[in-house]
Structures are given as C-alpha cells and as structure tokens.
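Reader: I should like a close look at a single part of this model, followed by an account of how that part sits within the whole. Please state every cut-off on which the description relies.

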Amino acid sequence: MALLPYDISQEGRSMFETIIGLEVHAQLNTNTKIFCSCPTSFGEEPNTNVCPVCLGLPGALPVLNENAVRKSISFGTAINATVNKKSIFNRKNYFYPDLPKGYQISQFEIPIVENGEIIIDFEDGTSKKIGVTRAHLEEDAGKNIHESAHSNVDLNRAGTPLLEIVSEPDLRSSDEAVMYLKKLHSIVRYLNISDANMQEGSFRCDANVSIRPKGDDKLYTRVEIKNLNSFKFIQKAIDYEVQRQRDAWEDGVYEDEVVQETRLFNTQTGQTRSMRGKEDSAEYRYFPDPDLLPVLIPDDMMEECVKIPELPDEKKERYVKELGIKEYDASVITANLDLVKFYEDMIANGADAKLGVTWLTTELLGRLGSGLSLQTSPVSSQKLGKLVRRIKDGTISGKAGKEVLDFLMENDLSVDEVIEKLGLKQVSDDGAILEIIDEILSSNEDKVAEYKSGKEKLFGFFVGQVMKASKGSANPAKVNELLRSRLG
Ligand SMILES: [Zn+2]
C-alpha cells in the first residue's frame, strides 16, 4: 500500500479530524402519496394502500401532490435556502424487490431546495452553522420483510413523499451530528411538515463518515452508514466507524480496509459491517422523468408557503427576552415541541417562567422514567403549573413541592388537595411568625446584643432557630423580612 502523508506514531489519535455529512429522509405528512391518491397511513394491512401508479403498472401516470411541494417550500424558507421556482423530477434507475417500477422518482440536477443552513448551539453558548447542500423531493420505496424461509414485499410505503435533506460535510464529531439532527428534527416538527417519528421510520438518516489528519484539507474515503433511526444509534454508529477508520490508519491498513462502501450498523453488537459497494451517481443513469413536467411554483403559492410559524431559534430568543429565562434553558425547551407545548401550558396555568423551567426539566422529567413521556405523564401541565404557582406564592416551600410532586406521580388528586393532605402549607402569617421570632430573640439576648454590636453573621443563626422552632413550616422569605425589621 502507498505511504500515507503522516507519521502518527508521536501524537496519537488527537491528530485526526472527523468529517461527517448527513442525509436525512423526512417523510412528509401529506394525507396521500406523492404521485397518486393512495393514503399514507401507517400500520395498515400489507399491500392495501396501493394502486396502479404506486405499484408501477405499465401505462399508469404519476400526478404530483401539491402539498408535498408546499411543505418543501416551507422547509426551504425555514433553513434560509434558495427555493427553486423550477425543479425537475428524474428517474433513478436500480432494481430492488421493493421498487416495482425499476426506478425511483427523485430529483437530481435541479432539486426544489438548495443552499440552506442549520445552526447548532453548544452548551457554552457558542454556535455553528452547518450548510445544507440541497433538499429534494422523492418517492419512498416499499418494504422488504424477511422471515425465516422467505421474504415478503409490502408496497404500502411505496410512493410516500420524502424530502431528502443533504448536509455539507461540516460536522466534526458524533455530538455535532446529533445536535444537527435534533435541530432538523425540531424544525420539521415546528413546521408540521413531517411527524418525524423515528420508530416508524419517518425520519431516518444515512451518515457519511471519513477521517483525515488535522490540518489536511482534502477529503479521504468516505463510508456511508445506512438507515439509522435513533439519535443514540446514530451516535454509536459514527463513533464506532471513526474508531475503525483510525485503527486502520494506525495499523497501516487504511487503504485496504477503508473503502467507499455502504455499511449497516448492527444495534446488537454496536458495530458496522459492509453491506455493498457504494454506487456513484453515474451508475443510476439519472434522466428526466418523461411522465412528469418540470415543477413550476406559481408566485401566489410561493408567497403563501414562505409564511411559516415561529421556529426553534426565534422561540428561544423570545423566551430569553420576554420570559427572562436563561439561554441554555430556552434552548433545551425549544428543542422539543412536546416540551414547548407543556411549558407554555404551565405558564398559561399561572407558573412562574423561571421556576417553571426547573420544575419541568429537572423535577418532572427526572421523575418520568423510561416508558413514560410528557404525553403520558401522570402529572399534567395544568397541575405542574399550579404546583409552581403555589411555590411562588409562598403557600409551600420548594422542598415541600418535591413531596407534592412525588405524591402526584402516584395519585390523581389536585395540587391543593395534596398540600392539604400532607400538611405542607407554609406559615406566612406575620403574627404567627413574629410570635416565634420574639420567643427566639428573648431567649438569646446575649446573641442579640452581639448582633447589634456588629456581628452580623449571627443573622443566619436567628433564621435557623426560627425555622427550627416552626418545624420548617415558616415561609423563609417572611422569616428573613420580619427578623430584619425586629432586629432594626
Ligand atoms: Zn397509489
């Protein structure tokens, strides 16, 4: 094998850079397929959502679904891309049992969306722009289902509209790849153009991974890992593949072991294995589909579709400005549309915005174990909102709030009923607290004198004594306030 330009023996692994580009297939949530009127519903009896067009019968002609175009325009607008007023459908020729026509209708030289960007945010407050080369419309294939002795083909999925979103090779680690995917996932959900359900395969990803010595600007052989459908697996698959390529380089067998190919990630073993050599686009013999005219977007449709809802970044900015919550907290919540809905509903139910963040992201999410989601949470957004309100208005302490939440996770009662039942109401009544304060001060006259002569640290001692005497039920803010006025 040829000599590589680097001697890695001295510096070790840190001298490699990882290069990742992602191709995401987002299934558009139109009611019908992209070129026929068959429904796109998931989980039907095999081969029932089919017709001559999506079965690829001779003579059947495709008709483009307008909603798929509309949703693509919204997406292009959201990622600050060029939406091409004219784009073209091509035939991508290959044979596979789940593709009865022998070609897939896709876009090649002129996609509907080009040159966009997605911004990922790091925990330290910095961010990075990831280029989106293109997003094109295409039809999904059917599904091969392999059983022990034979294989079945289900064509219900054939012809489902996909938006294939291709990033630039701008990602430098599996962490960045996951951040990009999560951002993209939330954007398509905010736009309501895809349900992006990863378990059902409506948001799946192929990762192109290569490495190179740091400082080198050429791209080395990339390997494609196909069909990843969970953030966790994507991360693991990339990490495994990067390690495999580094090991090959260090062992001097890079050019033998890292070849342009498609690999599959085995979720059981955590390894990738070779599936087939990667085809070049020339091998697909793309040509314009003679059954479909070029897509021309009329001006009025363009004007309508560029009006898009508030996106994660805008919402985040608004949360920081209007609600006064921390930037990091805002990015955690706005990353997930379910969290957004829950949080906004809590606030609508009287929760303080800042306190609400902790009670949602730390306390509630911490208590929702595996198998529970916000949709199935035993504590609704209304209840959590009310609980936060009761903490903010001093009815209960934060510590008592945790007890209330624990109880609510197991019992279907109202917040106020639980506070009553567990006897957690704080004493905020001035008279009752003053009574305790006076008692503490009169039995500690020596310390009062010391305090008044300048030993201000003793203030904490008095607070502690009052809290102790009230058995923790006194409202600490009130205790502080009343003590200060008593001690003059
Ligand atoms: Zn059909």
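Author: One helix residue and its setting

Ile347 has a relative accessible area of 25%, so it counts as partly exposed; in this scheme buried means under 20% relative accessible area, exposed means over 50%, and partly exposed lies in between, with a 1.4 Å probe and protein chains only. The model is predicted: local features need pLDDT of at least 70, side-chain atom pairs count only at pLDDT 80 or more, and totals for chains, interfaces and linings use all residues. Residues are numbered from 1 along each chain as its sequence is written, and side-chain values use heavy atoms, with hydrogens and water left out.

Ile347 belongs to helix α9, which covers residues 337-348. Helices (H or I, at least four residues) and strands (E, at least two) are DSSP runs numbered from the N terminus. When neighbours within four places in sequence are set aside, the contacts of Ile347 are Leu323 and Ala353, where contact means heavy atoms within 4.5 Å. Val188 lies 159 residues from Ile347 along the chain, and 25 Å separates their C-alpha atoms.

The loop that holds Gly324 runs between α7 (312-323) and α8 (327-334). Gly324 is partly exposed because its relative accessible area is 34%. Residues up to four places away in sequence aside, Gly324 touches Tyr319 and Lys354. Val166 is 158 residues from Gly324 in sequence, and the C-alpha to C-alpha distance between the two is 36 Å.

Strand β11 (residues 203-213) offers a buried counterpart in Ala207. Its relative accessibility is 0%, and Ala207 therefore counts as buried. Beyond its neighbours within four places in sequence, Ala207 is in contact with Gly21, Leu22, Val223, Glu224, Ile225, Leu228 and Ile238. Thr395, by contrast, is 188 residues away along the chain, with 52 Å between its C-alpha atom and that of Ala207.

Asn29 lies in the loop between β1 and α1. Its relative accessibility of 26% is why Asn29 counts as partly exposed. Apart from neighbours within four places in sequence, Asn29 is in contact with Lys71, Asn192, Ile193, Ser194 and Asp195. Asn29 and Ala68 are 39 residues apart in sequence, yet their C-alpha atoms are 8.4 Å apart in space.

Backbone geometry adds two further loop positions. Most residues other than glycine have a negative phi, and most peptide bonds are trans. Asn47 has a positive phi, near 60°, although it is not glycine. Asn47 sits in the loop between β1 (16-27) and α1 (52-55), and it counts as partly exposed because its relative accessibility is 35%. Arg285 likewise has a positive phi, near 50°, in a residue other than glycine. The loop between β14 (271-277) and β15 (287-288) contains Arg285, which is exposed because its relative accessible area is 58%.

The cysteines may be treated briefly. A disulfide is a covalent bond between the sulfur atoms of two cysteines. The structure holds zero disulfides, a disulfide being counted as a pair of cysteine sulfur atoms within 2.5 Å. Cys205 is buried, since its relative accessible area is 1%; Cys305, at 6% relative accessibility, also counts as buried.

These parts belong to a protein chain with 17 helices and 16 strands. Its radius of gyration is 30 Å, whereas a compact globule of 488 residues would have one near 23 Å; the radius is taken over C-alpha atoms, and the globule rule is 2.2 Å times the number of residues to the power 0.38. Along the principal axes, the C-alpha atoms fill a box of roughly 95 × 60 × 50 Å. Of the 488 residues, 45% count as buried. Among contacts between residues at least 6 apart in sequence, 67% join residues at least 24 apart.

The surface and the charges complete the picture. The protein chain exposes about 24,200 Å², and carbon and sulfur atoms supply 49% of that area; accessible areas come from the Shrake-Rupley method with a 1.4 Å probe, and for residues only the protein chains shown count as cover. The chain carries 60 positive and 78 negative charges, whose mean positions are 3 Å apart. Lys and Arg count as positive and Asp and Glu as negative, while His and the chain ends are not counted; the place of a charge is NZ of Lys, CZ of Arg, CG of Asp or CD of Glu.
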